Amino acid sequence: MKKITSIIRTSLICLLAIVFMTLNFSVVAKATEGETTVVTSNGIPAIIEVASYSVDGGVIEAGKDITINLALHNTSSNANANSVMLTLSSASGMAYPVYGSSNQIYVGTISAGDTTVVSIPVSVSNKFTGSVLDLTVKLDYETKGSKATNTSTMVIPTSAGNTLYVKSLNVSSHAILNGNSLLTISYSNLGGTDISGAKLVIDGNISSDSKTIELGTIYAGKSYSRDYHLTFTQSGSQQISVKLVYPGDEGENIETELGTYSVNVVEQQSGDTSDGSGNFVLVWVGRGIAALSLLAAVGVVITYIRKR
């Protein structure tokens with residue numbers, strides 16, 4: 001009878017050890033699953049870009065009215081851009097809406113993959129004396145239930161010489177102090193000759209190597225989209241202004257203001273504990289329990305064998 005009781009007791013202890021080991025594996029599995037992030041997507045939203053432009057009314061002259069024809073293209077293959085509102089401005093103040101019209105135009109819906117041409121009458125200031133006219137187009141719209149905005153800057157030459165067209169310029173609205181912050185620019189050379197020496201000049205509380213970004217040789221008829229990094233040297237709400245500078249036909253520098261951007265710069269958090277240390281401790285506690293249970297079961301078995 002004692003022998004049967006001992007066998008039953010040994011079996012129960014072994015079963016208990018197995019249960020503890022299974023529980024440990026379950027805890028480890030759950031800890032590992034807790035580190036997995038599942039990302040779902042409702043599809044790519046619409047992105048409206050200025051695909052091209054043309055000028056009606058001849059050459060650009062001071063005090064003259066012209067018409068800017070913008071080809072707005074929806075780059076998405078499955079999402080519409082709804083309630084598109086176009087706002088036209090000029091950083092230099094040398095262009096403005098003709099009398100009786102507004103600088104805002106309601107475009108409506110641009111379906112996925114479609115292109116819509118919008119004609120905008122513009123007056124050139126009678127004080128205009130430059131070789132290029134700058135225009136900025138801001139596009140506000142709704143796509144997949146969210147609001148979106150895209151901004152394009154055009155540099156329109158008064159002649160058929162060198163010209164750079166900035167389709168978009170985006171600066172990340174958040175940055176870490178002394179870390180890399182993203183600046184993305186898309187631009188095209190609409191002229192008939194290559195342009196060398198083009199650069200972005202950036203003013204603000206940024207490192208010295210971030211204040212000038214060389215764009216390299218920009219070949220005639222080519223388009224580019226590139227990413228660069230800025231390093232902020234002060235925390236808090238920081239304002240930076242971006243200017244495009246490149247040589248004209250006669251060797252003179254053509255300068256175009258590309259806008260002012262606000263960036264929230266924060267310091268690196270030194271007390272970040274989200275490195276999985278809690279999961280690490282949980283795993284080893286589970287393994288310790290399983291090891292102790294296994295040792296206890298082995299001890300009981302050895303004692304039973306010796307008693308026999």
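**Figure 1. Thr 143 and its surroundings in strand 7 of the predicted model.** Thr 143 belongs to strand 7, which spans residues 132–143, and the coordinates shown are those of a predicted model. With a relative accessible area of 4%, Thr 143 is buried, because the limit for that class is under 20%. From its side chain, Thr 143 reaches the backbone nitrogen of Ala 46 at 2.9 Å. Leaving aside residues up to four places away in sequence, Thr 143 touches Pro 45, Ala 46, Ala 79, Asn 80 and Ala 148. Ala 46 therefore appears both in this list of touching residues and as the partner of the 2.9 Å approach to its backbone nitrogen.

**Figure 2. The aromatic pair of Tyr 187 and Tyr 224.** A search of the whole structure finds 1 aromatic pair. The ring centres of Tyr 187 and Tyr 224 lie 5.4 Å apart and the ring planes meet at 20°, so the pair is stacked; the cut-off for stacking is an angle under 30 degrees. Distant parts of the chain are linked by this pair: Tyr 187 is in strand 11 (residues 180–189) and Tyr 224 is in strand 14 (residues 223–231), with their positions 37 residues apart in the numbering. Tyr 187 and Tyr 224 are both buried.

**Figure 3. The open sheet of 5 strands.** The strands of this open sheet follow the order 10-16-15-12-13, and their pairing is mixed. Strand 10 (174–176) and strand 13 (212–218) occupy the edges; each has a single partner strand, so one side of each is left without a neighbour in the sheet. From one strand to the next, the twist averages 35°.

**Figure 4. The pairing of strand 12 with strand 13.** Strand 12 (residues 195–203) and strand 13 run antiparallel and are joined by 5 bridges. Within this pairing, Ile 195 stands opposite Ile 218 of strand 13. Strand 13 is one of the edge strands of the open sheet.

**Figure 5. The chain as the setting of the close-up views.** The chain contains 2 helices and 16 strands. Of its 308 residues, 36% count as buried; Thr 143 is buried, as are Tyr 187 and Tyr 224. Where contacts join residues at least 6 apart in sequence, 67% of them are between residues at least 24 apart. The chain exposes about 17400 Å², and carbon and sulfur atoms supply 55% of that area.

Key: Residues are numbered from 1 along each chain as its sequence is written. This is a predicted model: local features need pLDDT of at least 70, side-chain atom pairs count only at pLDDT 80 or more; totals for chains, interfaces and linings use all residues. Side-chain values use heavy atoms; hydrogens and water are left out. Helices (H or I, at least four residues) and strands (E, at least two) are DSSP runs, numbered from the N terminus. Buried means under 20% relative accessible area, exposed over 50%, partly exposed in between (1.4 Å probe, protein chains only). Contact means heavy atoms within 4.5 Å. Accessible areas come from the Shrake-Rupley method with a 1.4 Å probe; for residues, only the protein chains shown count as cover. Rings of Phe, Tyr and Trp (its six-membered ring) pair if their centres lie within 6.5 Å; planes under 30 degrees apart count as stacked, over 60 as edge-to-face and the rest as tilted. Two strands pair if DSSP finds at least two bridges between them. Axes are lines fitted to C-alpha atoms, for helices over the stretch in contact, and angles run from 0 to 180 degrees between N-to-C directions. A polar contact is a pair of N or O atoms within 3.5 Å; within protein, one must be able to donate a hydrogen and the other to accept it, and residues adjacent in sequence count only if both atoms are side-chain atoms.
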